[in-house]
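Subject: Handover of a structure

Dear colleague,

Please find the structure below, together with its sequence. My notes on what was found in it follow.

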Amino acid sequence: MEKNQLPIVGIICDQEIIGPHPFHIAGDKYIQAIVKASNCTPILIPALGNTPAIQQLITRLDGLLLTGGYSMVDPLHYQTTPADAETKLDTARDSTSLPLINAAIEHGVPLLGICRGFQEINVALGGSLHQKLHENGHYLEHRENKSLTLEQQYGESHSINLTENGKLANILGKTHTQVNSLHTQGVNNLAEHLSIEAFAEDGLVEAFSIDTAITFAMAVQWHPEWKVEENQDSTKLFQAFGQACRAKQNTRENNG
């Protein structure tokens with residue numbers, strides 16, 4: 001590998017039907033955050049399922065980003081009752097991302113989950129989700145108001161408390177901040193080997209890290225990728241991820 005090349009970060013794709021055909025897509029805001037704040041080279045990982053090609057790919061990555069999305073994790077991965085008929089699912093992504101999460105941990109690949117990606121990590125490690133927080137009765141309204149502009153939807157929505165001396169608190173240099181909120185689902189039972197890094201004022205888990213990971217492995221429920229350079233917290237988070245990716249790149253290069 002040539003020196004001074006940027007670390008390579010794989011970004012999970014959603015599978016969407018556009019017209020009559022399936023496409024593998026990822027949001028531009030996630031790609032731009034990896035380029036601008038993490039200073040890494042993004043590549044898109046198609047939602048092909050747990051294939052040998054996908055498993056081979058993880059050994060060549062310096063980082064893995066699990067993005068938000070418009071679909072929900074299929075609840076059959078954590079319970080026996082199927083989702084409501086109107087729930088948008090992406091089983092192709094589920095069958096790709098869930099095994100990739102465990103492979104990334106096994107191979108020491110830095111991992112960052114956002115929104116759906118946050119929920120995927122919890123499910124992949126054995127946790128469960130509230131499918132409709134707004135029907136639970138114990139939580140604030142965490143969904144976006146789709147009648148508002150994008151600027152308003154991604155504006156600060158509520159406060160979070162960060163675990164004192166936690167990994168995320170150390171990255172951000174604070175124990176309290178404001179975040180946006182655009183999600184319908186959330187953590188019900190937190191998976192084993194996950195440590196809470198932040199929670200909302202209503203008690204909902206907003207960030208966690210993976211205890212068994214040997215490198216950066218963290219997920220947040222909000223959207224730090226939105227205009228990442230205009231928010232110091234978001235910039236710091238993606239920079240920390242990028243630093244871990246560079247460390248992984250150096251390890252791969254040194255090992256031949």
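Which backbone nitrogen does the side chain of N122 reach? In this predicted model, that partner is the backbone nitrogen of A191, at 2.8 Å. N122 itself is placed in helix α4, which covers residues 116-124. With a relative accessible area of 0%, N122 is buried. Leaving aside residues up to four places away in sequence, N122 touches G127, S128, L129, V187, N189, L190, A191, L194 and F208.

The loop between β6 (111-114) and α4 holds C115. The phi angle of C115 is near 55°, a positive value in a residue other than glycine. Most residues other than glycine have a negative phi. C115 is buried, its relative accessible area being 7%. A positive phi is also found at K227, where the value is near 45°. K227 belongs to the loop between β13 and α7, and at 34% relative accessible area K227 is partly exposed.

Helix α7 deserves a closer look. How far apart are the end C-alpha atoms of helix α7? The helix runs over residues 232-254, 23 residues in total, and at 1.5 Å a residue it should span 33 Å; the end C-alpha atoms are 33 Å apart, which agrees with that expectation. At the start of α7, a side-chain oxygen of N231 comes to within 3.0 Å of the backbone nitrogen of D233. The buried residues of α7 are D233, S234, T235, L237, F238, A240, F241, G242, A244, C245, K248 and Q249. An α-helix has 3.6 residues a turn, so residues three or four places apart point the same way. Several spacings of this kind can be traced by eye in the list of buried residues, for which D233, L237, F241 and C245 may serve as examples.

I turn next to the aromatic rings. Across the whole structure, a search finds three aromatic pairs, and two of them are described here. Y154 and W226 form a stacked pair, with 4.3 Å from centre to centre and 15° between the planes. This pair links distant parts of the chain, 72 residues apart: Y154 lies in the loop between α5 (150-153) and β8 (158-162), while W226 lies in the loop between β13 (217-220) and α7. Y154 is buried, with a relative accessible area of 14%.

The other pair, F216 with F241, is tilted, at 5.6 Å centre to centre and 55° between the planes. F216 lies in the loop between β12 (205-210) and β13, and F241 in helix α7, so this pair ties together parts that are 25 residues apart in sequence. Is each partner buried or exposed? F216 has a relative accessible area of 12% and is buried. F241 counts as buried as well, at 0% relative accessibility.

Finally, there is the matter of pockets. The largest pocket has a volume of about 800 Å³. Its lining is made up of 34 residues, and those nearest its centre are G69, Y70, S71, E144 and L182. Among the elements that contribute to this lining, β2 (14-18), α1 (28-36), α4 and α5 each supply at least two residues.

As a place to begin, I would suggest displaying N122 in α4 together with A191, whose backbone nitrogen the side chain of N122 reaches.

With kind regards

Key:
Residues numbered from 1 in each chain as written. Predicted model: local features only at pLDDT ≥ 70, side-chain atom pairs only at ≥ 80, totals over all residues. Heavy atoms only, no water. Helix = DSSP H or I, 4+ residues; strand = E, 2+ residues; numbered from the N terminus. Expected span 1.5 Å × (residues − 1). Buried < 20%, exposed > 50% of the residue type's maximum accessible area, 1.4 Å probe, protein only. Polar contact = N/O pair within 3.5 Å; in protein donor to acceptor, adjacent residues only side chain to side chain. Phe/Tyr/Trp six-rings, centres within 6.5 Å; stacked < 30°, edge-to-face > 60°. Contact = heavy atoms within 4.5 Å. 1 Å grid on protein atoms, 1.4 Å probe; cavity = no way out; pocket = protein on both sides within 12 Å on 5 of 7 lines; lining within 4 Å. Points joined across faces, edges and corners; volume = space filled by probe spheres on them.
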